[in-house]
Every structure is written in C-alpha cells, then in structure tokens.
Amino acid sequence: MRKALLFTGGAGLLAILLYVAIPEFLIRVFYGEAYIASAGLLGYMAIAMTLYALVNLLVTYFISIKEWSFLGILIVSVLVQTLGIVYYHQSLLQIITVLGATQGALTIALCFIAFKHYRRSSFRV
C-alpha cells in the first residue's frame, strides 16, 4: 500500500509541477486558444485531482481488506463537499478550493485510519 501511495503521489506531484510550470502551453496544445483563460486554475485542479486519486486508492484498499471504519468519514466528507459547492460556487476557483480542501482533509483522515489498521495488524501473533 505504501508503494502505491508513493507512486500515485509522485505521479500527481509531477503533474502538478508540469501544470504549474507550463499551463498555457498545455491548454493550447490539448484544447486550443478558447480555454487559455483557465490556465491559472490548472495547477489548483491538479492538486485537487491528485488528492482524489489518493482517496480513491485508500478507499479501494479499505474495501479490499474489509475495513469499513472509513465509511463514516467518507459520508461526512461527501456531505461537506456537496454543501461547500452549493454555497461556494461564485467562481471555478471557489469550487476547486472546496474540492481540494475536502479531499485534503479526507486524505489525511484516511491515512490516519490506514496507519491505525497497519499498527493493529502488525502486532498480531
């Protein structure tokens, strides 16, 4: 699991660096001039999507080991994210901020649960 998290986080970090370094170029190549105004959002969106990838990996891991203690925090996170988007949607940056904040908090919480599970299981005889 640790290797998968490191690989996913590393790939995400690489994408973030790329999207922050040359966002205009990437948008021109893949989408054209019509979307160039959104270049400033690309790095923020990459952060949010990297966090989504980590959450997805952790949730899949928990399901595979039949560890269901994550469900409560996942449900709360979904509700908070939904309400955040309902109330803070004046701009795409606000929506991306809500996505990033909720996924960041959820990633930390799920990592904590995974660490607790790992410590419990490694002390079994």
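**Reading the terms of a predicted five-helix model**

Visitor: Leu18 lies in helix α1. Why is Leu18 called partly exposed?

Guide: Buried means under 20% relative accessible area and exposed means over 50%, with partly exposed in between (1.4 Å probe, protein chains only). Leu18 has a relative accessibility of 41%, so it counts as partly exposed. Note that this is a predicted model, in which local features need pLDDT of at least 70 and side-chain atom pairs count only at pLDDT 80 or more, while totals for chains, interfaces and linings use all residues. Residues are numbered from 1 along each chain as its sequence is written, and side-chain values use heavy atoms, leaving out hydrogens and water.

Visitor: What makes a segment a helix here?

Guide: Helices are DSSP runs of H or I with at least four residues, strands are runs of E with at least two, and both are numbered from the N terminus. By this rule the chain has 5 helices and 0 strands, in the order α-α-α-α-α.

Visitor: How do you know that the buried residues of α2 lie on the same side of the helix?

Guide: In α2, residues 23-30, the buried positions are Pro23, Leu26 and Ile27. They cover an arc of only 95 degrees around the axis, and therefore share one side of α2; the arc is that of the directions from the helix axis to the C-beta atoms. These buried residues pack against α1 (2-21) and α3 (42-64).

Visitor: What makes Leu18 and its partners a nonpolar surface patch?

Guide: Patch members have over 30% relative accessible area and no salt bridge (a side-chain nitrogen of Lys or Arg within 4 Å of a carboxyl oxygen of Asp or Glu); nonpolar side chains (Val, Leu, Ile, Met, Phe, Trp, Tyr) are joined within 5 Å, like charges within 9 Å. Leu18, Tyr19, Ile22, Phe25, Val29, Phe30, Tyr31 and Tyr35 make a patch of about 870 Å². Its largest share, 3 residues, comes from α2.

Visitor: Why is the aromatic pair of Tyr31 and Tyr35 called edge-to-face?

Guide: The whole structure holds 4 aromatic pairs. Rings of Phe, Tyr and Trp (its six-membered ring) pair if their centres lie within 6.5 Å; planes under 30 degrees apart count as stacked, over 60 as edge-to-face and the rest as tilted. For Tyr31 and Tyr35 the centres are 6.5 Å apart and the planes make 75 degrees, so the pair is edge-to-face. Both tyrosines are exposed.

Visitor: Why is the pair of Phe62 and Phe70 called stacked?

Guide: Phe62 and Phe70 stand 5.4 Å centre to centre with 20 degrees between the planes, so they count as stacked. Both are buried, Phe62 with a relative accessible area of 0% and Phe70 with 1%. Together with Tyr61 and Trp68 they form one aromatic cluster.

Visitor: Why is Glu67 counted as buried, and is Lys66 buried or exposed?

Guide: Glu67 lies in the loop between α3 and α4 (71-87). Its relative accessibility is 13%, so Glu67 counts as buried. Leaving aside neighbours within four places in sequence, Glu67 is in contact (heavy atoms within 4.5 Å) with Phe62, His117 and Arg120. Lys66 is in the loop between α3 and α4, and counts as exposed because its relative accessibility is 63%. Lys66 has a positive phi of about 60 degrees although it is not a glycine.

Note on methods
Accessible areas come from the Shrake-Rupley method with a 1.4 Å probe; for residues, only the protein chains shown count as cover.
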